[in-house]
Amino acid sequence: QRTNTMPSLLCKRLNSTSRRLQRVRVTMKEKYRSIIAGLIIVIGIVVCWVSSAEMARLIQTEDSYDKPFFLTWILISTNVVCLPIFITLMKWSPKIRDSFGPKGGQRNESWTDLWNHTVGEALNGEDGKRMSFKRILMSTAGWCFLWFGNYYCYYRALTLIDASIVISLWNSSCIFVYLLSVKFLGAKFSIFNIASVVLCLGGVILISMSDRIHYRPISHSTPSSVHLKGDNPILGSFFAMISGLCYAFFIVSFKRMSSKNGGSEMISVIVSYTFQGIFTILFMWMFIPILSISNIEPFRIPRGAMVITLFILIQIISFIMNCFFVFGSAVTNPLFVSIASMTTIPVSAIVDYLLHDSVYTEWQVLGTIGIVTGFILLSWPTEEDMNTHQKLAEEIDQDSRIEDSLEQERSTIMDDY
């Protein structure tokens with residue numbers, strides 16, 4: 001009788017062990033996927049940022065299509081597709097719907113219901129009620145002008161100084177984000193962070209004033225920005241800093257409002273981008289004829305195969321880069337986005353050297369080191385973040401040991417059977 005029941009008991013043990021092993025493997029796979037997704041986002045941001053900056057510089061200088069306002073208007077107008085794409089992805093993949101979609105609702109709900117739930121979650125006020133039309137319009141207009149100022153000044157700076165210098169200065173926006181966060185978001189004020197701010201500011205001053213300091217190039221006789229028509233480091237640095245300041249105000253004001261509605265930050269960003277695109281199409285076009293009549297930026301449709309190709313590629317790559325930023329902060333740890341921003345600085349310097357024969361001066365190198373160091377210190381993980389990373393590493397190690405143990409147990413059961 002015992003002999004007859006043994007196979008049944010072994011089968012139950014084998015099935016139970018196999019299910020446990022499968023759960024452990026799924027958990028490990030999800031953790032590794034998160035790390036791989038973070039690395040993909042880092043590479044994507046670096047490639048898109050550097051390539052779009054070089055293309056924007058090329059089309060505005062060597063191809064003489066110096067239209068930063070029109071470039072910005074087209075780019076932000078394309079944001080209208082953000083929400084439709086997100087809704088389509090949620091309808092296509094229930095997993096995306098469960099992970100990033102609005103709270104409540106059903107998987108098989110209609111397009112209209114899903115749209116209403118998504119927009120409704122983003123527009124809920126602090127008291128849980130829908131925000132008024134006036135508040136939505138004012139918020140959208142404010143964010144649109146800040147985002148517009150960010151890209152317009154960024155494109156304008158690319159006509160005056162090298163892309164690598166622009167990116168270095170733009171990354172100093174972290175000091176504005178920190179100072180504004182202390183004021184409006186209740187961030188902690190510490191001597192350590194103040195030292196980081198001083199390093200970034202010192203780096204900005206060295207880069208912007210490098211032409212006023214007697215120097216010699218470090219490894220090459222070709223000066224920086226030799227191919228740029230303006231070659232005005234002070235003015236170019238000013239536009240790059242204003243761009244970073246606009247970005248800082250946008251991020252802090254957006255986080256302040258999104259923290260009050262209690263919804264998903266990614267949904268809030270996507271809905272905000274879509275509304276900015278609508279606002280840009282409806283209202284910001286009015287500035288195009290004004291700038292053209294005043295001869296500040298005479299309007300001209302892109303002509304020539306090369307100019308049209310670059311124009312389209314800039315819009316596509318910049319849009320993809322914005323998507324990487326959004327999903328990078330929502331899907332993975334924001335630390336990956338910080339690493340990507342920091343990595344872009346040396347990569348853009350190498351690309352400038354290879355494509356334009358430009359090199360950093362001694363003072364620009366020191367300034368960049370100051371900005372990178374300050375950026376690292378400001379982005380350094382807190383004790384809570386370090387504990388989270390340590391816990392994740394311990395869980396992965398524990399899951400790996402459990403997997404080996406279960407695999408050995410499974411083999412033993414099979415041998416006994």
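1. A residue counts as buried when its relative accessible area is under 20%. By that criterion, 45% of the 417 residues of the chain are buried. The model discussed in this note is predicted, and every value below should be read with that in mind.

2. The secondary structure consists of 16 helices and zero strands. Among contacts in the chain with a separation of 6 or more, 84% join residues that are 24 or more positions apart. The points below examine some of the places where such helices and loops meet.

3. The salt bridges deserve attention at the outset. How many does a search of the whole structure find? The search finds three. Two of them involve Arg 57 and belong to one network, in which Arg 57, Asp 162 and Asp 352 are linked.

4. Within this network, the side chains of Arg 57 and Asp 162 meet at 2.5 Å, taken from N to O. The pair links distant parts of the chain: Arg 57 belongs to helix α1 (residues 2–61), while Asp 162 lies in the loop between α6 (133–158) and α7 (163–171), 105 residues apart. Both Asp 162 and Arg 57 are buried.

5. The other partner of Arg 57 is Asp 352, and here the closest N and O atoms are 3.4 Å apart. This pair also links distant parts of the chain, with Arg 57 in helix α1 and Asp 352 in helix α14, 295 residues apart. Asp 352 is buried, as is Arg 57.

6. A further salt bridge joins Asp 66 to Arg 156, with the closest N and O atoms 3.2 Å apart. Asp 66 lies in the loop between α1 and α2 (68–77) and Arg 156 lies in helix α6, so the pair ties together parts that are 90 residues apart in sequence. Asp 66 and Arg 156 are both buried.

7. Helix packing is the next topic. Two packed helices are described by the angle between their axes and the distance between the axes. For α2 and α6, the axes come within 9 Å and cross at roughly 135°. Why is α2 described as oblique to α6? The crossing angle is neither over 145 degrees, which would count as roughly antiparallel, nor within the 65 to 115 degrees of a roughly perpendicular pair, and therefore the arrangement counts as oblique. The crossing of these two helices is right-handed.

8. The contact itself can be followed residue by residue. From α2 come Pro 68, Phe 69, Leu 71, Thr 72, Trp 73, Leu 75 and Ile 76, and from α6 come Trp 147, Phe 148, Tyr 151, Tyr 152, Tyr 155 and Arg 156. By class, the residues of this contact comprise eleven nonpolar, one polar and one charged. Arg 156, listed in this contact, is also the salt-bridge partner of Asp 66.

9. A second packed pair is formed by helix α3 (residues 82–92) and helix α11 (residues 265–283), whose axes are 7 Å apart and at an angle of about 140°. These two helices are therefore oblique to each other. Cys 82, Leu 83 and Phe 86 of α3 meet Met 266, Ile 267, Ile 270, Val 271, Tyr 273 and Thr 274 of α11. The contact has eight nonpolar residues, one polar residue and no charged residues.

10. Two residues of helix α14 may be considered together. Ser 348 is found in this helix, and it counts as buried because its relative accessibility is 0%. Leaving aside residues up to four places away in sequence, Ser 348 touches Val 50, Glu 54, Ser 164 and Ile 167.

11. Met 342 has its place in helix α14, which spans residues 334–356. Is Met 342 buried or partly exposed? Met 342 is partly exposed, because its relative accessible area is 24%, and buried would require a value under 20%. With residues up to four places away in sequence left out, Met 342 touches Val 372, Phe 375 and Ile 376. The C-alpha atoms of Met 342 and Ile 371, which are 29 residues apart along the chain, are separated by 9.3 Å.

12. A final point concerns a loop residue. Asn 295 is found in the loop between α12 (287–293) and α13 (305–331). Its phi is near 65°, a positive value in a residue other than glycine. Asn 295 counts as exposed because its relative accessibility is 56%.

Terms used. Residues are numbered from 1 along each chain as its sequence is written. This is a predicted model: local features need pLDDT of at least 70, side-chain atom pairs count only at pLDDT 80 or more; totals for chains, interfaces and linings use all residues. Side-chain values use heavy atoms; hydrogens and water are left out. Helices (H or I, at least four residues) and strands (E, at least two) are DSSP runs, numbered from the N terminus. Buried means under 20% relative accessible area, exposed over 50%, partly exposed in between (1.4 Å probe, protein chains only). Contact means heavy atoms within 4.5 Å. A salt bridge is a side-chain nitrogen of Lys or Arg within 4 Å of a carboxyl oxygen of Asp or Glu. Axes are lines fitted to C-alpha atoms, for helices over the stretch in contact, and angles run from 0 to 180 degrees between N-to-C directions. A crossing is left-handed if the near helix is turned anticlockwise from the far one by less than a right angle, and right-handed if clockwise. Ala, Val, Leu, Ile, Met, Phe, Trp, Tyr, Cys and Pro count as nonpolar, Asp, Glu, Lys and Arg as charged, and the others, Gly among them, as polar. Angles under 35 degrees count as roughly parallel, over 145 as roughly antiparallel, 65 to 115 as roughly perpendicular and the rest as oblique.
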